[in-house]
Amino acid sequence: MAYKRTFGHIPGHPEGSTYSSRKEVQAAGLHAHEQAGISGTAKQGADAIVLNGGYPDDRDYGDEIIYTGHGGQDPNTKKQIKHQDLNDWGNAALVRSQLEGLPVRVIRGFNGDKSYSPASGYRYDGLYRVAAHWFADHEADPRFRVCQFHLIKIKDEAEAGILVDQPIETSLEEDLAQKQGPAPHKQTTVNKAVRNAEVVRRVKEWHQHRCQVCGIILQVDAGPYSQGAHIRPLGLKHGGPDMESNMLCLCPNDHVRFDNGALYITDDLKVVNALTGEVIGPLRTHPRHKIDLDHVRYHRSQLRSIPES
């Protein structure tokens, strides 16, 4: 039977289900492959990963995972022999899931972190979202770079818009009534890094909401709008400070491009299109806004499979 790529739970295989082999995992429709860690395509996204001690760079914290991507290993020795990059289908699939907000099934194997892995076989451990990706030196051989992904468990599946079970069939009239009515709401609790609103306010005020990359001031009914973008991320592993020296004032478009590696900044504060190598222009600055170049360099280091010479 051909594998059917599904984003979300697989009916009949609830979280906590166990399997004796990768072949059983594949037969259950949880993962497309018997060996590869990532199930997915660059166009569709990644629907599942297996976490089974494949890389020393992996970190398993239960509800959060640092997962090392695919590629660059010698198939016989399993040693890293070249850099990983985003042209690899598996890495591209996980980036697509990050950009589209697609849920990823996590299957843990017996060779993973003993605190969270089954003693034998494999276990389906629920749905995670891809929060971010970056490049880092490979722990076993720092000559090579690997792509890493930060996955966070989805605990409120209804809020995430995930179909837990098969859709219930309804009549056309019922279906239209549901679509025309208000969307359901529920109270939820979100755990996230606490950010200093005063820091964001000051940076936006200095630049008068003008994007430091493109120069646009986005106007909405309530007035000008911009976003505060951290240069070095605040989250797990990166540990960036919530300070003005680590923040830019950007429009939503350039914020997304910056966070996802389509833009980077040079030490002399030039903005570069990472996809073409073209210098877009100087980063707009303000005398009171002192940007820490260490954070700028860190941001560049996270974007590239091959580090700067």
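1. Over residues 187-191, how many contacts beyond four places in sequence does the model have? It has two, and pLDDT stays under 50 over this stretch. The structure under review is a predicted model, and the note therefore opens with confidence, pLDDT being the predictor's confidence in each residue.

2. For the protein chain, the mean pLDDT is 88, and 87% of the residues reach 70 or more. Residues 163-172 have pLDDT below 50; beyond near neighbours in sequence, the model gives this stretch six contacts.

3. Strand β3 comprises residues 45-51, and seven of its seven residues are buried, so that the strand is mostly covered. It pairs with strand β2 (residues 38-41) in the antiparallel sense, over four bridges. A hairpin of three residues makes the connection from β2 to β3. Within this pairing, S39 stands opposite A48 in β3.

4. Strand β3 also pairs with strand β6 (residues 104-109). Here the two strands run parallel and are joined by four bridges. L51 stands opposite R108 in β6. Strand β3 is thus described by an antiparallel pairing with β2 and a parallel pairing with β6.

5. Turning to charged side chains, the structure holds 21 salt bridges. Side chains of opposite charge can pair when their charged atoms come close. One of these salt bridges is formed by the side chains of E34 and K23, at 3.7 Å from N to O. This pair links distant parts of the chain: E34 lies in the loop between α1 (22-27) and β2, K23 lies in helix α1, and 11 residues separate them. E34 is partly exposed, with a relative accessible area of 38%, whereas K23 counts as exposed at 54% relative accessibility.

6. A further salt bridge joins R300 and D267, whose closest N and O atoms are 2.9 Å apart. Again distant parts of the chain are linked, with R300 in helix α6 (residues 293-303) and D267 in the loop between β13 (263-265) and β14 (270-273), 33 residues apart. R300 has a relative accessible area of 5% and is buried. D267, at 34% relative accessibility, counts as partly exposed.

7. Helix α6 also contains both R297 and D294, three residues apart, about one turn of the helix. Their side chains meet in a salt bridge of 3.2 Å, N to O. R297 is partly exposed, its relative accessible area being 35%. D294 likewise counts as partly exposed, at 48% relative accessibility.

8. Which residues are linked in a network of salt bridges? The network consists of E198, R201, R202, E205 and E244.

9. The last point concerns cysteines. A disulfide is a covalent bond between the sulfur atoms of two cysteines. The structure holds zero disulfides. C214 is in no disulfide, and its nearest cysteine sulfur, that of C211, is 3.7 Å away. Why is the C214 and C211 pair not counted? The cut-off is decisive: a disulfide requires cysteine sulfur atoms within 2.5 Å, and the sulfur of C211 is 3.7 Å away from that of C214. C214 counts as partly exposed, at 39% relative accessibility. C249 is in no disulfide either; for this residue too the nearest cysteine sulfur is that of C211, 7.0 Å away. At 0% relative accessibility, C249 counts as buried.

Terms used:
Residues are numbered from 1 along each chain as its sequence is written. This is a predicted model: local features need pLDDT of at least 70, side-chain atom pairs count only at pLDDT 80 or more; totals for chains, interfaces and linings use all residues. Side-chain values use heavy atoms; hydrogens and water are left out. Buried means under 20% relative accessible area, exposed over 50%, partly exposed in between (1.4 Å probe, protein chains only). Two strands pair if DSSP finds at least two bridges between them. A salt bridge is a side-chain nitrogen of Lys or Arg within 4 Å of a carboxyl oxygen of Asp or Glu. pLDDT is the predictor's confidence in each residue, from 0 to 100. Contact means heavy atoms within 4.5 Å.
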